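Open your viewer, load the model and set it to a cartoon view with side chains ready to switch on. We will go from stop to stop, selecting a few residues each time.

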Amino acid sequence: MAERVASLVGPDLLRDCFPLRYQLLKKQQGTWRLVTEVMFPGYVFLSTGDIDAVRERLKLSTSFARLLGAGDAIFSLTSEEAAFVSEFGGADHVVGMSQGVIEDGRTVVRSGPLRGREGLVRKIDRHKRAYLDVGLLDQARVRVGLEITRKT
């Protein structure tokens with residue numbers, strides 16, 4: 001979908017167009033493998049200087065019923081939300097795996113994009129995933145990869 005949006009809008013209006021992805025470890029046939037999944041299914045992030053012109057070009061196509069919102073709406077992210085998406089996903093727009101420990105019931109992330117953002121973590125499951133409250137788009141919780149290497 002990101003490629004279709006980019007080709008329809010054109011490079012004159014669009015700086016970047018991408019789905020935000022995240023890496024996590026999944027156990028497949030007894031082996032942990034690093035896989036990449038879309039963090040916000042059905043959503044594409046656009047970076048442009050003229051959102052109204054982008055909206056007009058997208059109206060020319062009937063295949064984009066839902067683009068960052070419901071119906072024909074396009075939602076602009078606040079500067080804080082845009083900075084979070086840009087910083088969290090990095091230049092390749094992929095949130096990498098994080099590694100951490102649990103010390104005295106407190107999560108401490110040692111490496112990865114969650115380092116310093118432990119306050120966002122609401123739940124950690126046994127499948128090497130963390131659930132975050134980011135309050136972005138229509139999803140209250142999103143998941144990212146977090147491997148807990150030690151628990152004390």
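Select K128 to begin: this residue sits in the loop that links strand 8 (121-124) to strand 9. The model you are looking at is a predicted one. Check the backbone of K128, where phi is near 65 degrees, a positive value although the residue is not a glycine. Most residues other than glycine have a negative phi. Is K128 buried or exposed? With a relative accessible area of 17%, K128 is buried, because the cut-off for that label is under 20%.

Now jump to Q29, in the loop between strand 2 (21-28) and strand 3 (31-38). Phi of Q29 is also positive, near 55 degrees, and Q29 is not a glycine either. Its surroundings contrast with those of the previous stop: Q29 is exposed, at 79% relative accessible area.

**Helix 1**

Next, select residues 2-9, which form helix 1, and highlight V5 within it. V5 has 0% relative accessibility and therefore counts as buried. To get a sense of scale, draw a distance from the C-alpha atom of V5 to that of T36: the two are 21 Å apart in space and 31 residues apart along the chain.

Which residues of helix 1 are buried? Colour A2, V5 and V9, and you have them. They span an arc of only 65 degrees around the axis, so they lie on the same side of helix 1. Residues three or four places apart in an α-helix point the same way, because there are 3.6 residues a turn. Rotate to the face turned away from that buried side, and you will find E3, R4 and S7, which are exposed.

What lies over the buried residues of helix 1? Show strand 1, strand 4 and helix 2 (51-59), which are among the elements covering them. Before leaving, click on G10 just after the helix, where phi is positive at about 95 degrees.

**Helix 3**

Move on to helix 3, residues 79-89, and colour its buried residues: F84, V85, F88 and G89. Here the arc around the axis is only 100 degrees, which puts these residues on the same side of helix 3. Turn to the other side and select S79, E80 and E87, which are exposed.

To see what covers the buried residues of helix 3, display strand 1 (14-18), strand 4 (45-48), strand 5 (94-95), strand 9 (129-136) and strand 10 (139-151), which are included in that cover. Strand 1 and strand 4 were also part of the cover of helix 1. Finish this stop at G90, which follows helix 3 and has a positive phi near 70 degrees.

**Zooming out**

Now show the whole chain and colour by secondary structure. The protein has three helices and ten strands, and from the N terminus the order is α-β-β-β-β-α-α-β-β-β-β-β-β. Its C-alpha atoms fill a box of roughly 55 × 35 × 25 Å along the principal axes.

Switch on the surface: about 8800 Å² is accessible, and 48% of that belongs to carbon and sulfur atoms. Of the 152 residues, 42% count as buried. If you compute a contact map, note that among contacts between residues at least 6 apart in sequence, 54% join residues at least 24 apart. As a last selection, pick the charged side chains: the mean positions of the 23 positive and 19 negative charges are 9 Å apart.

Conventions
Residues are numbered from 1 along each chain as its sequence is written. This is a predicted model: local features need pLDDT of at least 70, side-chain atom pairs count only at pLDDT 80 or more; totals for chains, interfaces and linings use all residues. Side-chain values use heavy atoms; hydrogens and water are left out. Helices (H or I, at least four residues) and strands (E, at least two) are DSSP runs, numbered from the N terminus. Buried means under 20% relative accessible area, exposed over 50%, partly exposed in between (1.4 Å probe, protein chains only). Contact means heavy atoms within 4.5 Å. Accessible areas come from the Shrake-Rupley method with a 1.4 Å probe; for residues, only the protein chains shown count as cover. Lys and Arg count as positive and Asp and Glu as negative; His and the chain ends are not counted. The place of a charge is taken as NZ of Lys, CZ of Arg, CG of Asp or CD of Glu. The arc is that of the directions from the helix axis to the C-beta atoms.
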